Amino acid sequence: MPHTQVAAPVPPSGDGTGRFPLSSQQELWCAGEQSGSFGPRFTVTKALRITGPVDVAALQGALDDVVARHEVLRTVIVRDARPPYQEVHPPSRVPLHVRDLPPAEGQDRELMAQHLLAETESVVLPVEDLPLLRAFLTRFDDRDAVLGLASHHTAADGWSLQLINRDLATCYAARTRGAEPELPQLRQYREYTQWQSENAAGASAAENLAYWRKRLDGAPFFTLPTDRPIPPEHTEPYVAHTFRFDTATMDAVSALGRAARCSRFMVMLAAFSVLARRIGGVDDPVVNTIVHGRGRPEYQDTVGPFLNFLALRTDLADAGTFRELLLATRTTCLEAYRHEVPIQWVEQAVPSLMAPMADPRNCDFIFGFSESLAASPGAGDPFLISESTVPVAKRESVTEQIPGGAAWNMGVTASGEVSGTLQFNPEEFDAGTAAGWVEAYRSIVLGVLADPDRDWRTL
């Protein structure tokens, strides 16, 4: 059967042996411990509910096509070298685990699908075990199945997982038809690394760092106060408190954003700043936020760890109403976007940011809000496998491992609602503490939408 088309070969930029320098994102992962960034449960996952017959041979071939297409899925980061480097390996077969569940009368298959997503999230994926992609096909019957996909976070991020889904569906359809898949040409992740090394430290680097020194002078990161001191080493797996905002709520968030020329992220961040002020008692909290890091259009179709972090500091004291706070948040975000550099550069330039980490009662924290990766107009459903394919909604409290701290993530689904999780370690927090923060945030968001011109202190 034909294999997926790949971009024209790019001249090697490494030492001629398949070894290439690390990106700043990979260097950031290397700063973590083995049990964190390179631990076997530091994964990104997704589960798809498939209606219709699944050709297992075509699925296996399509998975292998994806690994052949994206080098980073067969790349090892060699951390014990000086300096560390990434090493690209030849394509290899993707482990595909197939099982058939026995008939079960009265079982809620939707609930079972959610359990299968949680099962995928708990998969163990050693970072040295190439390729860094796993697939799990569980069939309820011949026309109803769940496909779980897992990749190691050092090779992929959430955006990448969407690309993997798209390319897998395209290659699967091509293999079942005996045709060549039609996929966009792409640049490999090592090319991004080369571009980053040539440009990120260019003439504008000093100007960008000067901005961050001035903007964050003397400020610490916002952290979450723990219920118990953070242990030197965790033995319990991470869990997540899940929550949702319905489509009507997000439509109202969009309308408020448009009126203020703000994105939905800015609205949700401004609301979180109110919560951060309530938790930490600081008028200008520095919220560490996740950004997709794909500002260069030529890397929109590249699988790899692109995400970066922006330390966003907005002074709430200067705002009277929430609308004024939203406009101040917009200014903060736009300035940060213009001066984005790898977060570790900022942390080195502003040592005060990491000062709270010396206290074992302060938990490192990140805040994320992502839009869905929508299909191009008229392009059809790029994720279609068999007759129908829909993502399995996250409802369970089991979660992938994270390197440490706590993570508040929200993502817009295809239906327009928001699915969110607050990931934390139960050795640090009680479940009720996390639930209380989420409900307080929900109350703030709903209060904002009811009257954005009220004093934010009354929310």
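R79 lies over the face of F38, 4.0 Å from the ring centre. A second arginine does something similar: R442 lies over the face of F245, at 5.1 Å from the ring centre. Both placements come from a predicted model.

How far can the prediction be trusted along the chain? The average pLDDT is 88. Of the residues, 90% score at least 70. Two stretches call for caution. Over residues 1-16 the pLDDT is below 50, and this stretch has 35 contacts in the model beyond near neighbours in sequence. Residues 373-382 also stay under 50. For them the model has 11 contacts beyond four places in sequence.

Now turn to the interior. The largest nonpolar core has 77 residues. Those with the most contacts inside this core are F272, F322, F367, W408, M410 and Y441. Helix α8, residues 264-280, gives the core its largest share, 11 residues. Apart from this core lies another, of 37 residues. V94, L133, L137 and A169 are among its members.

M410 shows how the larger core draws on several parts of the sequence. Leave aside its neighbours within four places in sequence. M410 is then in contact with F243, F245 and M268. Its contacts also include F367, G368, F369 and S370. V418, S419, G420 and Y441 are on the list too.

Next, the rings. The structure holds 20 aromatic pairs. One of them joins F272 and W408, and this pair is edge-to-face. The centres are 5.2 Å apart, with 70° between the planes. The pair links distant parts of the chain. F272 sits in helix α8, while W408 sits in strand β15, residues 406-412. In sequence they are 136 residues apart.

Are these two residues buried or exposed? Buried means under 20% relative accessible area. F272 has 1% relative accessibility, so F272 counts as buried. W408 also has 1%, so W408 counts as buried.

F429 and W437 make another edge-to-face pair. Here the distance is 5.7 Å centre to centre, and the angle between the planes is 75°. Both F429 and W437 are buried.

Which residues do ring pairs link into a cluster? They are F222, F243, F245, F265, F272, F365, F367, W408 and Y441. Several names now return. F272, F367, W408 and Y441 are among the residues with the most contacts in the largest core. F243, F245, F367 and Y441 are among the contacts of M410. And F245 is the ring whose face lies under R442.

Conventions. Residues numbered from 1 in each chain as written. Predicted model: local features only at pLDDT ≥ 70, side-chain atom pairs only at ≥ 80, totals over all residues. Heavy atoms only, no water. Core = buried A, V, L, I, M, F, W, Y, C linked by side-chain atoms within 4.5 Å. Buried < 20%, exposed > 50% of the residue type's maximum accessible area, 1.4 Å probe, protein only. Helix = DSSP H or I, 4+ residues; strand = E, 2+ residues; numbered from the N terminus. Contact = heavy atoms within 4.5 Å. pLDDT = per-residue confidence, 0-100. Phe/Tyr/Trp six-rings, centres within 6.5 Å; stacked < 30°, edge-to-face > 60°. Lys NZ or Arg CZ within 6 Å of the ring centre and 35° of its normal.
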